[in-house]
Amino acid sequence: MNILLATVFDYPHAGGLSTHVTTLKAGLEARGHRVDVVSFSDVPRSMQMMLAKGPSFLLNKVSKGTGILWSHAVRQRLLSRLIADKAASGRYDVINAQEVFATLAALPSGIPTVTTVHGYMTYEAISRGAVVEGSRQAQHLLEKEIEAYTKTRKIITVDQRIKEYVREKAGVEATAIRNFIDVDRFKPEKANRLAYRKKHGLPEDAAVIFVPRRLTKKNGVIYPALALPHVLEKYPNAMLIYAGMGEAYDELKSLIEQQGLSEKAKLLGAIPHETMTEYYALSDIVLVPSVHSAGVEEATSISALEAMGSGSPLIASAVGGLKEIVNHRQDGLLVEEKNVDELAQAIIELLDHPEFGQQLAQAARRKIEDEYSHLSAAKKYEDIYRAALAP
């Protein structure tokens with residue numbers, strides 16, 4: 001098949017959706033398909049600023065949420081033009097849209113469209129403060145979700161909870177295919193641990209705790225910083241490292257400074273995805289401390305899957321899709337969300353007993369190879385595409 005993956009966001013960018021697209025593309029191509037990507041990055045930069053990003057910023061100053069509606073509408077319109085140009089070639093059999101507005105951009109092309117739902121669009125916008133709960137803007141976003149879900153040919157969700165969400169909001173039955181990783185890229189590299197620490201300027205003897213998370217409220221990024229002082233009481237060589245950006249950056253930076261942890265907690269900002277393997281390899285523990293926020297919960301976290309594939313023991317909150325992928329004390333540790341003491345004690349336990357951490361990491365790697373390979377996931381996507389093409 002000739003497949004077009006479509007997104008109204010930039011591609012590539014630092015984030016789970018972009019990672020998903022890259023990994024799915026690799027899996028489909030390994031199965032012999034031709035795959036192209038069309039994204040907002042294909043729009044000339046000057047047009048992006050003039051039509052979408054600039055006006056969105058100004059409109060939000062007037063009324064919160066108005067800017068995001070404007071931006072999404074413009075992105076949809078511009079992406080629709082790009083897709084129409086590609087459709088004119090007659091090359092593509094199916095479009096796999098990666099979010100609501102990419103679906104709405106693809107439908108006019110007449111090419112059969114499958115939609116992947118990565119989250120709860122309206123409620124995630126509320127959670128991060130982009131729109132106000134109960135507002136006209138929030139209602140408009142939800143209406144667009146329902147329109148996309150009812151008009152697309154097939155829907156794929158990345159976990160069971162999002163499948164239930166689509167059924168509840170739109171009355172449409174989706175197929176849940178959990179997220180996946182490139183098992184050949186994200187694999188244990190602990191032999192390079194010290195070399196990577198030297199490369200990135202980290203002490204050889206530090207107990208490195210890694211948080212590979214976008215800095216947003218639902219990712220619970222403040223809780224590792226709150227737990228760190230308890231860990232430092234027993235392990236003064238502990239270091240907390242964040243890789244990611246987001247609207248919670250300033251809050252997290254202030255919290256770190258207020259606690260006097262600036263030498264012990266580092267905010268690296270957005271890290272290129274190809275470099276993430278090095279940080280997983282140099283880390284002693286990986287944290288995915290997600291929380292419920294405005295009705296939103298973690299899906300099948302790609303960060304958690306990458307950690308589990310990379311040989312570092314994982315501690316995750318017992319929420320959402322994380323409960324689906326982690327078996328407590330078998331291939332990772334689950335802790336109660338927002339429970340700072342429990343999180344600190346879990347970190348200390350793994351630092352006290354590194355051999356137990358390695359047992360968890362080895363079991364996690366086996367699970368990733370068996371259940372979360374990009375190659376097996378690509379076969380499932382292929383089956384959905386073929387079903388969408390059936391008369």
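I began by counting secondary structure elements, and I found 16 helices and 12 strands in the protein, bearing in mind that this is a predicted model.

I then looked up how the chain is packed as a whole: its radius of gyration is 21 Å, close to the 21 Å that the globule rule gives for 391 residues, so the protein is as compact as a globular protein of that length. Along the principal axes, I noted that the C-alpha atoms fill a box of roughly 60 × 50 × 40 Å.

Next I turned to burial and contacts. Of the 391 residues, 56% are buried, and 72% of the contacts with a separation of 6 or more join residues 24 or more positions apart.

For the surface, I recorded an exposed area of about 16200 Å², of which carbon and sulfur atoms supply 50%. I also checked the charges, 47 positive and 47 negative, and their mean positions lie 5 Å apart.

Which residues touch the most other members of the largest nonpolar core? I found that they are Leu79, Ile83 and Tyr149, in a core of 40 residues. Among the elements that give two or more residues to this core are strand 1 (2-6), helix 3 (66-87) and helix 6 (136-151), while helix 4 gives the largest share, six residues.

I followed Tyr149 further and, leaving aside residues up to four places away in sequence, listed its contacts as Val100, Val117, Gly119, Ile155, Tyr165, Val166, Ala170 and Val172. Apart from this core I noted another one, of 38 residues, which includes Val211, Leu232, Leu255 and Leu350.

Note on methods. Residues numbered from 1 in each chain as written. Predicted model: local features only at pLDDT ≥ 70, side-chain atom pairs only at ≥ 80, totals over all residues. Heavy atoms only, no water. Helix = DSSP H or I, 4+ residues; strand = E, 2+ residues; numbered from the N terminus. Rg over C-alpha atoms; globule rule 2.2 N^0.38 Å. Buried < 20%, exposed > 50% of the residue type's maximum accessible area, 1.4 Å probe, protein only. Contact = heavy atoms within 4.5 Å. Areas by Shrake-Rupley, 256 points an atom, 1.4 Å probe, with all protein chains shown as cover. Lys, Arg positive; Asp, Glu negative; His and termini not counted. Charge placed at Lys NZ, Arg CZ, Asp CG, Glu CD. Core = buried A, V, L, I, M, F, W, Y, C linked by side-chain atoms within 4.5 Å.
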